[in-house]
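Reader: Could you choose one part of what is shown here and take me through it closely, explaining each term as it comes up?

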Amino acid sequence: MSRMRDRVDLTSLVAGAAIAVFGALILLQEEGTIDLEAGWFLAIVAAATGVVLLASGMGARRG
Amino acid sequence: MSADRTLRRDPGNAMIAGVCAGIARRLGVDPIVPRVGFVVVAIGTSGIGALAYLALWAAMPAEARERPERRRRRRGSWRIATGVALLALSVLLVFRQLGVWWSDALVWPLVLAAFGVALLISLTRPAPEDAAEPASEEARRRRRSREAAGRLSLAGFGIALVLGAGLLFLWARGVLNAAGDVALAAVVVIVGVGLILAPLWWRFARSLAAERAQRIRSQERAELSAHLHDSVLQTLALVQRRADDPADVAQLARRQERELRAWLAGAPPLQPDERVADALRAAAIEVEETRGAPIEVVVVGDCPLDEPLEALVAAAREALTNAAKFAADGQIRLYAEVEDERVTAYVDDRGEGFDPERVPSDRRGLRESIIGRMERQGGHAEVRSQPGRGTEVELSVGRRR
């Protein structure tokens, strides 16, 4: 269990989750369930990239 | 050669996460090629294409590679700073969408200017201490030159951001409309000239840094030569002249050793009238020079000198003098510790030792100059000695508040 925990790359995990969320939003948009303007998309892209960079930076600092 | 054909990120040459560097390494091309490709795709798809980068970041494992501590810290810092900036941008965009907003003409130039100012402020901070300095002088020189060039370029970028923010504000307020095409032409020309001059600027910055490093090295070498001439060479000349007096030679060598150690450690001049640590060191030096016995001094902590501590220093000097008298060629040690409540000093030697109970009553050195002096200041002195097993004198006094 601890070995598995050691292998988890936080950056990849966060980036993967961000892409999954973004994909889900695009899907919902295409389905017409939600109606997101470009401004909202930009905000989400910026937030996702920011979270990924933050996770990566903190991972690098921990070494 | 490795048989592993997995496409890996190359964090060692990364601008962000090393995706492009990893692809470039696999393709055998310069990293600038995939980087430009990603930027073009990201612009061409209105930013959505940048998600491909994130996807590759998530999918590509990093190259396992040891990096120096400092690079790791600094790269981490950049990512954290950029990440926080993007999150802040995201919050601004959310407010804008919600209508909690002043105006684009005000907020975006302000954001741009804030970013530029933050960049400039970060450059004014001193660089962090390096835990893994390269071994060779050449590598150190190259690193310093690269870092200086990077800082100069970042400074240029920060200034450009602030100026750009000002121009953007003026443009948004319609002030630049009057200038119209002329202003646009000027901007295009300035950008073009900037792009042309960028490599030259980079090379100039690096050569400037290299020249500065060279000048510092020359100055250091000159200072080192001057110091060696004034101290070590002069002492060696004296040693040659006094070669027939071993005690004198030993004293000269000891003094030179002490001075050289202090110089190498970058120690400031002693302040024996103000600091207890310096007073103890000065007392040891005085006894060493008058008695010719080497004394090893270790002082942990320091505090200002006051009356009780002056008594402790004087008692320690007396104990050192006794040790030098009776310890013959044995080593003498002075260890002192400055704590919050009290200061304690130990003087010990490996000399012939004695029985403290059998010290004649007319011998005032031990009774008055050490024990009596400490007790008068509310302190304590204890002499532990046995014939043939050396002597230890413990001196202790409380600190005044």
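Author: Two strands pair if DSSP finds at least two bridges between them, and the elements named below are themselves DSSP runs, numbered from the N terminus: helices (H or I, at least four residues) and strands (E, at least two). This is a predicted model, in which local features need a pLDDT (the predictor's confidence in each residue, from 0 to 100) of at least 70 and side-chain atom pairs count only at 80 or more, while totals for chains, interfaces and linings use all residues. Residues are numbered from 1 along each chain as its sequence is written, and chains are lettered from A and ligands numbered from 1 in the order in which they are written.

The part to look at is a sheet in chain B. With these terms in hand, start at β4(B), which pairs with strand β5 (residues 391-398) of chain B in the antiparallel sense, over six bridges. To find this pairing in the model, look for Ser385(B), whose bridge partner in β5(B) is Thr391(B).

Next, turn to strand β2 (residues 332-338) of chain B, which has a partner in β1 (residues 295-300) of chain B; these two strands run parallel and are joined by six bridges. A place to check this is Val299(B), which stands opposite Ala336(B) in β2(B). β2(B) also pairs with strand β3 (residues 342-349) of chain B, but here the sense is antiparallel and there are seven bridges. Within that pairing, Leu334(B) has Val347(B) in β3(B) as its bridge partner, and the two strands β2(B) and β3(B) form a hairpin, with three residues lying between them.

Which strand order results when the pairings are put together? The sheet of chain B is open and has five strands in the order β1-β2-β3-β5-β4, with mixed pairing. At its edges stand β1 and β4 (380-385) of chain B, and because each has a single partner strand, one side of each is left without a neighbour in the sheet. If direction is ignored, neighbouring strands of this sheet are turned against each other by 10° on average.

A helix belongs in this picture too, since helix α9 (residues 276-291) of chain B packs on the sheet and touches β1, β2 and β3 of chain B, its direction making about 175° with that of β1(B). Such angles run from 0 to 180 degrees between N-to-C directions, and axes are lines fitted to C-alpha atoms, for helices over the stretch in contact.

How is α9(B) placed against helix α10 (residues 307-326) of chain B? The two helices pack at an angle of about 25°, and their axes are 9 Å apart. That angle makes α9(B) roughly parallel to α10(B), a term for angles under 35 degrees (over 145 would be roughly antiparallel, 65 to 115 roughly perpendicular and the rest oblique).

The residues that meet (two being in contact if their C-beta atoms, placed from the backbone, lie within 7 Å) can be followed along both helices. On the side of α9(B) they are Val276(B), Ala279(B), Leu280(B), Ala283(B), Ala284(B), Val287(B) and Arg291(B), and in α10(B) they meet Leu309(B), Val313(B), Ala316(B), Arg317(B), Leu320(B), Thr321(B) and Ala324(B). By class, this contact of α9(B) with α10(B) has eleven nonpolar, one polar and two charged residues, where Ala, Val, Leu, Ile, Met, Phe, Trp, Tyr, Cys and Pro count as nonpolar, Asp, Glu, Lys and Arg as charged, and the others, Gly among them, as polar.
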